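I opened my notebook to record what I looked up in this structure. The entries follow in the order I made them.

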Amino acid sequence: MEITQNAALVVVDVQKGFDESEFWGRRNNQAADQNIASLIAAWQDTDRPVVFVRHDSNNPGSPLRTRYQGNDFKDYVEERRGKGRGRELLVTKSVNSAFYGTPDLDDWFKEAGINQVVLVGIQTNMCVETTARMGGNLGYDVLVALDATHTFDLTGPNSWHLTADELARASAVSLHGGGFARVVTTGELVAAVRP
């Protein structure tokens with residue numbers, strides 16, 4: 001796997017509010033935070049660009065609402081902000097796709113000559129998947145580190161219920177099989193960027 005020197009790591013919504021299990025329910029992939037931290041370190045240590053995305057929910061009951069502690073990045077993410085020598089950007093959004101945030105991510109990528117994007121974060125089947133689909137539609141070479149994401153059990157129409165693991169697999173199949181993104185592992189990415 002080839003990862004370009006200016007491939008951007010996009011860290012999606014790794015916020016304290018997602019630790020409020022009474023709101024979200026059962027999650028999968030307890031190793032996600034460790035894998036996200038390892039990818040941030042690998043990107044910063046090799047002077048690659050990192051984008052930190054924060055979801056500022058407009059829902060007054062959301063753990064991700066502004067002016068609430070859950071809106072803050074998790075400590076291990078906040079501690080890494082500003083620590084790399086590569087380009088860095090903070091994007092805030094109130095919808096699923098990081099491409100509909102402020103400042104405009106597509107413009108920033110184009111200005112920096114970035115064509116390859118690696119996505120990690122929360123939730124696999126929501127903001128990570130939506131950002132990956134949009135990135136693919138916009139022509140970027142998108143990679144999703146599935147083991148550096150997590151999500152929660154979800155119930156939909158007709159009382160259909162999928163576990164977090166089932167949702168993550170469905171996202172991986174849709175993204176990879178549908179040609180929106182390549183689904184990869186943290187280990188593959190770290191091995192590709194570290195000399």
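**Entry 1: two helices side by side**

I looked up α2 and α7 and found them roughly parallel to each other, because their angle falls under 35 degrees, the cut-off for that word (over 145 is roughly antiparallel, 65 to 115 roughly perpendicular, the rest oblique). Helix α2 covers residues 32-45 and helix α7 covers residues 186-193. They pack at about 15°, and their axes are 10 Å apart. Axes here are lines fitted to C-alpha atoms, for helices over the stretch in contact, and angles run from 0 to 180 degrees between N-to-C directions. Helices are DSSP runs of H or I with at least four residues, strands are runs of E with at least two, and both are numbered from the N terminus.

I noted the handedness too: the crossing of α2 and α7 is left-handed. That means the near helix is turned anticlockwise from the far one by less than a right angle; clockwise would be right-handed.

Which residues make the contact? From α2 they are Asn 35, Ser 38, Leu 39, Ala 42 and Trp 43, and from α7 they are Thr 186, Leu 189, Val 190 and Val 193. Contact means heavy atoms within 4.5 Å. By class, I listed six nonpolar, three polar and no charged residues. Nonpolar covers Ala, Val, Leu, Ile, Met, Phe, Trp, Tyr, Cys and Pro; charged covers Asp, Glu, Lys and Arg; the others, Gly among them, are polar.

**Entry 2: ground rules**

The model is predicted, so local features need pLDDT of at least 70 and side-chain atom pairs count only at pLDDT 80 or more, while totals for chains, interfaces and linings use all residues. Residues are numbered from 1 along each chain as its sequence is written, and side-chain values use heavy atoms, with hydrogens and water left out.

**Entry 3: two serines**

I checked Ser 38, which lies in helix α2. Is it buried or exposed? Ser 38 counts as partly exposed, because its relative accessibility is 29%. Buried means under 20% relative accessible area, exposed over 50%, and partly exposed in between (1.4 Å probe, protein chains only). Not counting residues up to four places away in sequence, Ser 38 touches Thr 186 and Val 190. Its C-alpha atom is 9.3 Å from that of Gly 187, although 149 residues separate the two along the chain.

Then I checked Ser 171, in helix α6 (residues 164-177). Ser 171 has 2% relative accessibility, so it counts as buried. Beyond its neighbours within four places, Ser 171 is in contact with Thr 124, Asn 125 and Glu 129.

**Entry 4: the sheet**

I traced six strands in an open sheet, ordered β3-β2-β1-β4-β5-β8, with parallel pairing. Two strands pair if DSSP finds at least two bridges between them. β3 (88-93) and β8 (182-184) stand at the edges with a single partner strand each, so one side of each has no neighbour in the sheet. The twist averages 25° from one strand to the next.

Next came β1 (residues 8-12), where five of five residues are buried. Ala 8, Val 10 and Val 12 are on one side, Leu 9 and Val 11 on the other. β1 pairs with β4 (residues 116-122) over five bridges, and Ala 8 stands opposite Val 117. With β2 (residues 50-55), β1 has four bridges; Val 11 stands opposite Phe 52 there.

Last, I looked at what lies across the sheet. Helix α5 (residues 124-137) crosses β1, β2, β3, β4 and β5, at about 170° to β5.
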